[in-house]
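Let's take a friendly walk through this model, starting with the overall fold and ending with one pair of packed helices.

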Amino acid sequence: MSDGAAGPKTMTREDATFATLVRLAPSREDARPRRKVGLARRQLVQKAAFGLLWLSGIAAVAILLSVVGYVVVQGAKVLNWEFLTTPPAGGLSASDVGGMSTTIVSTVYLVFWTIVIAGPLGVMAAIYLVEYAEEMEGRTGLIPVLVSVVRFGVEILAGVPSIIFGLFGYALFVSATALGWSFSLRSAAVTGACLVLPVIIRASEEAIKAVPRSYREASLALGATKWQTAWKVVLPAAAPGIITGIVLSVGRVISETAVFFVTFGGTVRAPDSVFDLTSPGRSMALHVYYLAMETRAFDKAMGTGAVLILTIILINLLMNVVSRRLASKLKGR
Amino acid sequence: MRKMVDAGVRYVLFLSALASVFIVFLILLFTLREALPAFREIGLVPILTGTVWRPQQDQLGILSMVAGSILVTLGSVLLGVPLAMGGAIFLAEVAPPVVREVVRPAVELLAGIPSVVYGLFGMVVLVPAVRNTFSVPGNSGFNLLSASIVLAVMVLPTITNIAEDAIRAVPRDYKEGSLALGATRWQTIVRVTLPAARSGIIAAIILGVGRALGETMAMIMVIGNSIRMPGPLDSNPLTLFLSQARTLTGNIAVEIKYATGFHEDALFATGVVLFVLIMVVNGSARLLIQRGGRK
C-alpha cells in the first residue's frame, strides 16, 4: 500500500494501522502550524465536503427518477390495454403500427427456457463447488486441478461482455457452418443460458456457503449421505439466496438486448408456443431497439420501454420480498 | 443403494460444474476459429493500427473503433467516477440509515435498467440537448459526449457498489485511531479511510472500465456509429468529444447480421480484440482485489 517504500509484506494489521496513521496524519500538520487549522475551520471544510457527498447521493436518486420518470410518463401516452394486447403490425420496417403483445409472449418464452437450462445447471454446479469441492483442498490429482479451473471459468464467464456471448451464439448456433439453428428461440435461449449461468452459480454458491455447518453435521450424524444432506438439508436452507439469484437472472434476460439481437432474429411474430423452439422472435428489449433505431417510432418505444422498466422494478421488489419472507420463515423454524 | 446414488450424484454434479469451463472453451474456440482467417490474411498489426474499415475490400483497420471505445470509456470515467466515489463515500460513511435505505436501492435499480432504455433516453433527451448546447458545425448530437454521459450513468452503480464495499472493509480501528487523535470525520475519510481502501477503490474503477468497454446497445443508439477516426470538429481540441465514433462492440452488433465470408471473419477478429482488452482490464482488477485482500 505504501508508495515507494518497500514495505515488508508481513506487516501485521496493527502495524499497518499505525503506519497509516503516522504517515498520513502528522506530515501535513507539520507543514502548517497546528493553530492555524483551527477546529472551526476544519469543521467548515467538513461541512462543505459533506455537502458535496450529500449532493452525489441525491444525484444518484435524481438520475434514477428522471430516467424512470421520463420513460414512464412518455410511455404512459401510448400505454393502454390495447397496446399490450395487439401485436406489432407490419414487417421489420413498419412496426410502428400496433402494440407489443407478441414481444411480451416472446420474452416469457425466452425467460422460461433460459432459466430451465441455466437454473438446474447453475445450482448443481454451485452444490458441487461448495459441498464436494471442499474435500479436495490440499489434495493433488486431476479433479482438484479441474475444480480450480472451474472456479476460474466462472470468474471469466462473469466478465465476458454480452456481445461476445452473442458472437459465440451466432457462430455456434445461428450460423449455417456449425449447428445451423438460424435465428430461433433455441439459439437465443441456449446463448442466454450461458450468459446467466455465472450469475446463478455465484448467487447459489453464496447462499449455500451461508448455511451453518451444524446443519450438515447434524444430518450426517443421523446417518444421511452427503447427497441426502445436500438435497434435503442444505438446499432448502439456501433456497432464499438461490431464488434471489434466479430472479436476478430473469431480470438480466428481460433487459438483455445485444445477445438476442444476434441470436433471436427480431421478427414481430412470436413463436407459436413455448415448445416452438425453431421459430425466431423479438423480446421486449429488442422491440425497444427496433422501434427506436429502425422505425424511429419513439412514442411506441417509450411505451415498450415503460413496460420494460416497470417489469424490472416489479422483479426487484419481488426479489426483496421473497428473500426476506423466506429468510424469516427459515429463522422461525 | 444410498451409497450408489451418492456416488452417481457426485459425478452428475461434477459434470455440471464443468459446464461453465466448457462454455468458456467453446467461446474461445468459436470466436478464434472464425477470426483466424482475418488474422492470417491481414495480420494482427495492420488490423490494430489500420484506420480504414472496408471489409468488402479486405481493409480491416479497427484503430478508429479502438479509439472510439477508449475515448468513450475515458469520458464516462471522467464524468462518472467523481459522482460514483461521492456516492460510495456518502453511503459508507455519511448517510444516515434512513437515507441509505433510499439511496442504495436507487443505485441498485440504476444497474437493473436495461441498456436499451438508457439508449432510448439518450436518443430522445440527451442527443438533442447536446446538439443544441454546443453549436459547432458537424455536431449532430450523436457523438462521444452523449455516449459518455449515458455510459457514466451505466457504470455508476458498478463503481459505487464495489467502492462502498472497499470503504466499509477498512477496519474500525483505523478510523477510531484517527478520530482519537482529534481529526474531524472528513479528515479521517480523506487521510485514513480512502488511502486504506485504495486498492479496492481502484479495482472498482477498473471494473467500471471493463463494464464500459463491453456495453453495446446503448452505445450504438447514441454514438453515431461512424467508421471514421474520431477527431476535433474545429480548432478547439475538446470538440473531439462532439465527434461521431463507433465502439468495438458496436462494430460487431451493427454489421454481424448481414456480414458474410471474410467480412464476418473480420467482425470476429474485432470480438477477439475486445475480449482480450476486457480480460486484461478485469484481470488487473482481480489482481488488485486479491492483493488488497491479502493485507
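Chain A has twelve helices and zero strands. Following its sequence gives the pattern α-α-α-α-α-α-α-α-α-α-α-α. Please keep in mind that this is a predicted model. Of the 333 residues in chain A, 45% are buried. Taking the contacts in chain A between residues at least 6 apart in sequence, 72% link residues at least 24 apart.

Now for the interior. The largest nonpolar core holds 196 residues, and those with the most contacts inside it include A:Leu197, A:Val288 and B:Val117. Helix H4 of chain A (residues 101-132) gives the largest share of this core, 17 residues. Because domain 1 (13-76) and domain 2 (81-332) of chain A both contribute residues, the core lies between them.

What does B:Val117 touch, leaving aside residues up to four places away in sequence? Its partners are A:Val71, A:Val288, A:Gly305, A:Leu308 and A:Ile309.

B:Val117 brings us to chain B, where two helices pack against each other:

| Helix | Residues | Residues meeting the other helix |
|---|---|---|
| H5(B) | 115-133 | B:Ser115, B:Tyr118, B:Gly119, B:Gly122, B:Leu126, B:Val127 and B:Val130 |
| H6(B) | 144-168 | B:Leu145, B:Ser146, B:Ile149, B:Val150, B:Val153 and B:Met154 |

The axes of H5(B) and H6(B) are 9 Å apart, and the helices pack at an angle of about 140 degrees. That angle makes H5(B) oblique to H6(B). The crossing of H5(B) past H6(B) is right-handed.

Notes: Residues numbered from 1 in each chain as written. Chains lettered and ligands numbered in written order. Predicted model: local features only at pLDDT ≥ 70, side-chain atom pairs only at ≥ 80, totals over all residues. Helix = DSSP H or I, 4+ residues; strand = E, 2+ residues; numbered from the N terminus. Buried ≥ 20, exposed ≤ 12 C-beta atoms within 10 Å, placed from the backbone. Contact = placed C-beta atoms within 7 Å. Core = buried A, V, L, I, M, F, W, Y, C linked by C-beta atoms within 7 Å. Domains from an automatic or database assignment. Axes fitted to C-alpha atoms, helices over the stretch in contact; angles between N-to-C directions. Parallel < 35°, antiparallel > 145°, perpendicular 65-115°, else oblique. Left-handed = near helix turned anticlockwise from the far one by under 90°.
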